[in-house]
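Biologist: Could you walk me through how to read a contact between two chains? I would like the general idea before the particular case.

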Protein chains: 2
Amino acid sequence: MVENLPAVPDDLHNSNNGLPSSNSDTSLPYSSIVNLDRGDTVLLESYWRKMRKESIVEIEGWEFLSYASDLKSVCWFMMPELRDAIKKLHALVGNAETDDRQIVLGNGSTQLFQAALFALSASSDGPVNVVAAAPYYSGYPDETDLVRSSLYKWSGDAKDYEKQEAYIEIVTSPNNPDGSIRGPVVMSNKCDGEGKLIHDLAYYWPHYTPITYQANHDLMLFTFSKCTGHSGSRIGWAIVKDIDIAKKMTTFIVLNSIGVSKESQARAAKIMGVVCNSYQSFKFDGSNNNKESQLFFEFNRHLLKERWEKLREVVKQSDRFLLPRFQKTYCNFTNESFETYPAFAWLMSKDEEDCGSYLEKKLRVVARSGNRFGSDPKYVRINMLTTGDDFDEFLERLSNIKDITF
Amino acid sequence: MVENLPAVPDDLHNSNNGLPSSNSDTSLPYSSIVNLDRGDTVLLESYWRKMRKESIVEIEGWEFLSYASDLKSVCWFMMPELRDAIKKLHALVGNAETDDRQIVLGNGSTQLFQAALFALSASSDGPVNVVAAAPYYSGYPDETDLVRSSLYKWSGDAKDYEKQEAYIEIVTSPNNPDGSIRGPVVMSNKCDGEGKLIHDLAYYWPHYTPITYQANHDLMLFTFSKCTGHSGSRIGWAIVKDIDIAKKMTTFIVLNSIGVSKESQARAAKIMGVVCNSYQSFKFDGSNNNKESQLFFEFNRHLLKERWEKLREVVKQSDRFLLPRFQKTYCNFTNESFETYPAFAWLMSKDEEDCGSYLEKKLRVVARSGNRFGSDPKYVRINMLTTGDDFDEFLERLSNIKDITF
């Protein structure tokens, strides 16, 4: 099983390193691959170029030599200024409760997901079943089964789960890959084994989706990558109600990597501070329009909305694909109603059984196939946060699809 | 088993967060705990304070948004400038061969150790036995058995290993905790199972030990923490001969944390560059004495040597303890002979069966007990790279040990 793991199976990287695949047919209309398989977040870069001065971090050589940050905290390797910045950001947005909860830091929410599996299964006898409703994030199965743990194992689609055994359900909302708003599903069917929940709320921020409630679940995962776009920093955090679970998660992070880069921690604190500062003294009442371009979430939602509108238009014209639709919903943060604009487009081919192969052969566009998400290969996941060049080229090729013949 | 893992079982942190333990007897002569259990590297800070201007790193908000760095490399999340800096540093010091080898980056060598276990055991049927000669680094057993992998399991002291099964031996040289220079031991006894080696060379740098050969093993681990002292950055690297092993290690790092902080990578490249620059145009012939205080390894070996001499003097006076002795050996890097000055002192009590309890009760000094290293509790490991205040206080208390009565 481990042997069959992809060489570079992350949330960003296709199997041929972005280079043309081996069957390079020179008769194809396009010579270069457009890679939309990756989960990179480059769309958000333009905001940070605008704010380059405000967001500079400077580190001298003598700083951050110690592993430790705050020995009195459960998560003792976390810098207090980062903890405070995370709490301030959630308080501003109103998307998650942080009072009377532990915050555990990780090298991205990827590491924290594994820390959560460890913590939630540590007192079980056999391997705990890990499930998520399909389509689920393609990383979960591979991460769960990475070293064939005896504590937990991947058990597939939560909708099919009926074992009378302990389980952990991952609830991803908005969902990766399809942007849907979700709750747990195992509870509602036939299973009565002991169940625990991990809420992966990576995309529950107001550039992607309306903030409809202050999330208050037992164990919630967030990531700097999808919040501000800084995927290269590898910063994630968990908000945890039960202090014993938080301690076990900390143990995992310590034994797995002895904590988290302090350079990244310092920078994340600074960047989150810039986001919060952009809202200081701003009111959502139209009275300060010229300041709106400084507002982090509004600025980026605008960019993302524009891409979604362009994509919907091209898809409509081609009449060969379908995209999910999202209702307008009232957002408690912005006090207005808008649609969800997911970070990924979950594109379905009306005619082709294998949408990924079709796009790659026909358009030299690489997208992640639906079967990687426990779903149908007539779907692909398209990264909406890719570079402007790649996105425009994708739209261009998609627009011309009817004119292309082999 | 997992339940019994220490809450904070890292290389730095004692079980009571540096606070007095629960049996706080106010009749004890010292009110504060001196914690020498940790593996922190603060001694090296003074060099970086001297070089503060040369070693500044400045990062703007728009930088490092992408997960990827170099998609053409096996370790595609590693920045080319860091790979080049690592190769340049090894070339300068002459401690490890890097030509025609892969470099894999990790969140400290802790994560890379686990990546190596994964890569070396991925094609095996049952759990591969992981062994190291006692006394071995206390992190190896806990890290190996963290999630009870079916791929590998901790199997104790390499000197006792006689199973006819596949095994992985970790060779740590200079050794943590005792500073000894080591080679593999399983080969030489009765086992004929298939064996693979991990060489942990964290301390094979010329501030700790003479460089006697250019290491050329199949899989070697190094860490920024012990090289330059930047433990908070969580940067480690593996030098790997077999490209398939390097690919599997990369897969592990990707699935475990989708790469390594770019802020830390940028800083590590800068810091290593400062170390290399300090040697530019310097000759070890006494012709440029006033520049010698700029030389990274010489500056820090001098500090460490001073601490070792002070400790040996106090130990000699007390006549209650023993320290290991090290022969002077010729160093190919400095062209002179000197002793090993390990980052830890492996202190043995002549009279007490439990040296750790004795030191804690008598002196309120916390050190890591020998039994954590698969050895005898009459030993403890003392961190020689701790703060100056802690080290001086430790010496002071040790000097007065004969005057203290209960």
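Biologist: How much area do chain A and chain B bury between them?

Modeller: Keep in mind that this is a predicted model. Chain A and chain B bury about 7,000 Å² between them, and 59% of that lies on carbon and sulfur atoms. On the chain A side, A:Leu65, A:Tyr67 and A:Leu255 supply 12% of the area buried against chain B, more than any other three residues.

Biologist: How many residues does the contact take from each chain?

Modeller: Chain A brings 82 residues to the contact, and chain B brings 82 residues.

Biologist: And the polar side of things: how many salt bridges are found across the interface of chain A and chain B?

Modeller: The rule finds four salt bridges there. In one salt bridge, the side chains of A:Glu263 and B:Arg267 meet at 2.6 Å, N to O. Residue pairs in polar contact between the two chains number 52.

Biologist: Which element gives the most to the side of chain A that touches chain B?

Modeller: That is H6(A), with eight residues. By residue class, this side of chain A divides into 32 nonpolar, 27 polar and 23 charged.

Biologist: Let's turn to a single helix. Why does the length of helix H3 of chain B agree with expectation?

Modeller: A helix is expected to rise 1.5 Å a residue, so the 14 residues of H3 (residues 108–121) of chain B should span 20 Å; the end C-alpha atoms are 21 Å apart, which agrees.

Biologist: Is H3(B) mostly covered or mostly exposed?

Modeller: Mostly covered: 14 of the 14 residues of H3(B) are buried.

Terms used
Residues are numbered from 1 along each chain as its sequence is written. Chains are lettered from A and ligands numbered from 1 in the order in which they are written. This is a predicted model: local features need pLDDT of at least 70, side-chain atom pairs count only at pLDDT 80 or more; totals for chains, interfaces and linings use all residues. Side-chain values use heavy atoms; hydrogens and water are left out. Helices (H or I, at least four residues) and strands (E, at least two) are DSSP runs, numbered from the N terminus. The expected span of a helix is 1.5 Å times one less than its number of residues. Buried means under 20% relative accessible area, exposed over 50%, partly exposed in between (1.4 Å probe, protein chains only). Contact means heavy atoms within 4.5 Å. Buried area is the accessible area (1.4 Å probe) that two parts lose on being put together, summed over both. A polar contact is a pair of N or O atoms within 3.5 Å; within protein, one must be able to donate a hydrogen and the other to accept it, and residues adjacent in sequence count only if both atoms are side-chain atoms. Ala, Val, Leu, Ile, Met, Phe, Trp, Tyr, Cys and Pro count as nonpolar, Asp, Glu, Lys and Arg as charged, and the others, Gly among them, as polar.
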